[in-house]
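I opened this notebook to record what I looked up about the cysteines and one helix. The entries follow in the order in which I made them.

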Amino acid sequence: MIIRLCQHNFHIFDLLIFSAALTILIYILLPHRFALNYDYIKKERMEEAFLAITTPNISSQQAVDCSYKETIADSKFVYDAFHREKILRGEEIRLGGEYQPDDCRARYSTAIIVPYRDRQEQLAAFLNYMHNYLRLQQIHYRIFVVEQSDRKPFNRAMLFNIGATVASSYGYPCLILHDVDLMPLNSGQLYACTTLPRHMSSALDNWRFHLPYRTLFGGVVAISTSQFKMINGMSNLYHGWGGEDDDLYERLHVLSIEICRFAPAYSEYTMLKHKQETPNKNRMALLRSASLRMHTDGLNSLVYKEVERKMHSLFTLILVET
């Protein structure tokens, strides 16, 4: 009996050794798949990394430019009940979910694009918190909610393309592609574009605030409108969950456009609970051909029907059939 128990324990020990060796081997052969640590722009260099550009029609009545040094330097946790539960009184949010500060001239104009279907509670929570959060930053912004009205599998990437097309028509030079279930925790993650496309949600609570792999580029992403057009936007072929973010990264990689991140302390997000979307069974096959399709599959092949465009008090709704 004792001999059998010892043999059993040795068998488990051998499996543990094998598992550890296999992990080390994968790390050596595929180091980019591990990202416990990642390169990031340090706090003192963050402000100079931003693209100071606004929409052509932004008000220039204010004589003084807004300052963002304190927003970055004094970043603090703000995902509390006070900021989440209701829209706080303050400077006016314009019809369509647009805001710009009254006491200084914003240096950044940002279109926040949110793909959406059947998540009313999450959308309400997102709008309450994000308007409170964003007004702290003294930027010019507008929230576009792109809703898929048909019952086809959810096409997140196509909705981003539609939102980018609409935002571009309003003159927005910066796009933030934003999932409705992600909320920034700390006030210093400025919602403006950097010179390089930026992965903003690199420290997510669902991942224990670690980046799963270095080439991950989804959740919340900031990219200039000109760069988004340069890569022909995102693929329109990802019906269902998964793959479109890796396809987006591949497009940037093909054109040798690097991505950047801020320190984990600035990149912490929480994910609201939600029902998982239906996985896209073809996502791996699509990914293998991503670089071959990028010039013919994207903004230049975008076909959809705009059912309605409505200015709500907290957002601009773009209701579409895909």
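I began with Cys104 in this predicted model and found it buried, at a relative accessible area of 6%. Its disulfide partner is Cys66, with 2.0 Å from S to S, and Cys66 is likewise buried at 3%. I noted 90 degrees about the S-S bond, a right-handed link between Cys66 and Cys104. Cys66 sits in the loop between helices H2 and H3 and Cys104 in the loop between E1 and E2, so the bond ties together parts 38 residues apart in sequence.

I next looked up Cys174 and Cys193, whose sulfur atoms lie 2.2 Å apart in a disulfide. Cys174 belongs to strand E4 and Cys193 to the loop between E5 and E6, so this pair ties together parts 19 residues apart in sequence. Relative accessibility is 3% for Cys174 and 2% for Cys193, and each counts as buried. The count of disulfides comes to 2, in the pattern 1-2, 3-4 along the chain.

I then asked why Cys260 has no bond to the closest cysteine sulfur. Its sulfur is 9.7 Å from that of Cys193, which is too far, because a disulfide requires sulfur atoms within 2.5 Å. Cys260 is buried, at 9% relative accessibility.

I turned last to helix H5, residues 120–135, which reaches 23 Å from its first C-alpha to its last. Of its 16 residues 12 are buried, so H5 is largely enclosed by the rest of the structure. These buried residues pack against several elements, including helix H4 and strand E4. For the whole chain of 322 residues, I recorded 51% as buried.

Methods:
Residues are numbered from 1 along each chain as its sequence is written. This is a predicted model: local features need pLDDT of at least 70, side-chain atom pairs count only at pLDDT 80 or more; totals for chains, interfaces and linings use all residues. Side-chain values use heavy atoms; hydrogens and water are left out. Buried means under 20% relative accessible area, exposed over 50%, partly exposed in between (1.4 Å probe, protein chains only). Helices (H or I, at least four residues) and strands (E, at least two) are DSSP runs, numbered from the N terminus. The expected span of a helix is 1.5 Å times one less than its number of residues. Contact means heavy atoms within 4.5 Å.
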